[in-house]
Amino acid sequence: RRISSGVGVHHSRGSMSYSIIDRDAGPDPNYKPPPKGAYKGKYEECYKFYNEYNKCQEKNRIGRLFGACSSFKAAMDKCNIDQLKMRRKRAAKEAKKFNDKFDAMQKAMKDQEGKR
């Protein structure tokens with residue numbers, strides 16, 4: 001789709017010239033929004049905080065602009081950060097186990113080569 005009004009800044013690229021306005025095709029016609037209430041966060045453990053924050057946003061259409069839902073947002077953010085930290089620790093432990101096994105395997109291979 002191209003929208004052209006004939007007005008705008010024109011650029012040339014090789015043998016083609018185009019307008020910035022020509023490049024703006026508007027919203028994607030195939031876009032389908034997620035179902036209402038779908039969880040958009042990263043961690044399922046934080047869903048309850050996300051749900052409370054969403055309810056607050058719905059109730060306080062104007063107040064949310066002035067911080068009415070800040071406490072819910074802060075709780076949701078804290079939960080997301082805590083989950084991230086926990087998953088990083090778990091990943092670090094798993095990486096250490098893998099590295100220890102790998103080092104032991106390399107040492108065993110070197111010992112076998114030395115015996116030959």
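**View 1. F102 and its nonpolar neighbours on helix α3.** F102 sits in helix α3 of this predicted model. With a relative accessibility of 37%, F102 counts as partly exposed, since that class covers the range between 20% and 50%. F102 also has company: together with F98, M105 and M109, F102 makes up a nonpolar patch on the surface. Add up what these four residues show, and you get about 420 Å² of accessible area.

**View 2. Helix α3 from end to end.** How many residues does α3 have? The helix has 46 of them, running through residues 70-115. From its first C-alpha to its last, α3 reaches 67 Å. At 1.5 Å a residue you would expect 68 Å, so the two values are close. Now look for the residues of α3 that are tucked away: the buried ones are M76, C79, N80 and Q83. What do they pack against? Their partner is helix α2.

**View 3. The disulfide of C46 and C79.** Here is one of the two disulfides in the structure. The sulfur atoms of C46 and C79 are 2.0 Å apart. Look along the S-S bond and you'll find an angle of -90°, a left-handed link. Why does this pair tie together separate parts of the chain? C46 belongs to the loop between α1 (20-23) and α2 (47-59), while C79 belongs to helix α3, so the link bridges parts that are 33 residues apart in sequence. Buried or exposed? Both C46 and C79 are buried.

**View 4. The disulfide of C56 and C69.** Next comes the bond between C56 and C69, with 2.1 Å from sulfur to sulfur. This disulfide is left-handed too, because the torsion about its S-S bond is about -90°. C56 is part of helix α2 and C69 is part of the loop between α2 and α3, so this pair joins parts that are 13 residues apart in sequence. C56 has a relative accessibility of 6%, so C56 is buried. C69, at 3%, is buried as well. If you number the bonded cysteines in sequence order, the pairing comes out as 1-4, 2-3.

**View 5. The salt bridge of K73 and D77.** Side chains of opposite charge can pair when their charged atoms come close. K73 and D77 do just that, with 3.1 Å between the closest N and O atoms. Both residues lie in helix α3, four residues apart, which is about one turn of the helix. Each is partly exposed: K73 has a relative accessibility of 33%, and D77 has 29%. This pair is one of four salt bridges in the structure.

**View 6. The salt bridge of K78 and D82.** Stay on helix α3 and you'll meet K78 and D82, again four residues apart, or about one turn. Their side chains form a salt bridge with an N to O distance of 2.9 Å. K78 is exposed, at 52% relative accessibility, whereas D82 is partly exposed, at 35%.

**View 7. The salt bridge of K96 and D100.** How far apart are the N and O atoms where K96 and D100 meet? The distance is 3.5 Å. Because these two residues are four apart in helix α3, about one helical turn separates them. K96 counts as exposed at 52% relative accessibility, and D100 counts as partly exposed at 41%.

Methods. Residues are numbered from 1 along each chain as its sequence is written. This is a predicted model: local features need pLDDT of at least 70, side-chain atom pairs count only at pLDDT 80 or more; totals for chains, interfaces and linings use all residues. Side-chain values use heavy atoms; hydrogens and water are left out. A disulfide is a pair of cysteine sulfur atoms within 2.5 Å. Buried means under 20% relative accessible area, exposed over 50%, partly exposed in between (1.4 Å probe, protein chains only). Patches are made of residues with over 30% relative accessible area and no salt bridge: like charges are joined within 9 Å, nonpolar side chains (Val, Leu, Ile, Met, Phe, Trp, Tyr) within 5 Å. Accessible areas come from the Shrake-Rupley method with a 1.4 Å probe; for residues, only the protein chains shown count as cover. Contact means heavy atoms within 4.5 Å.
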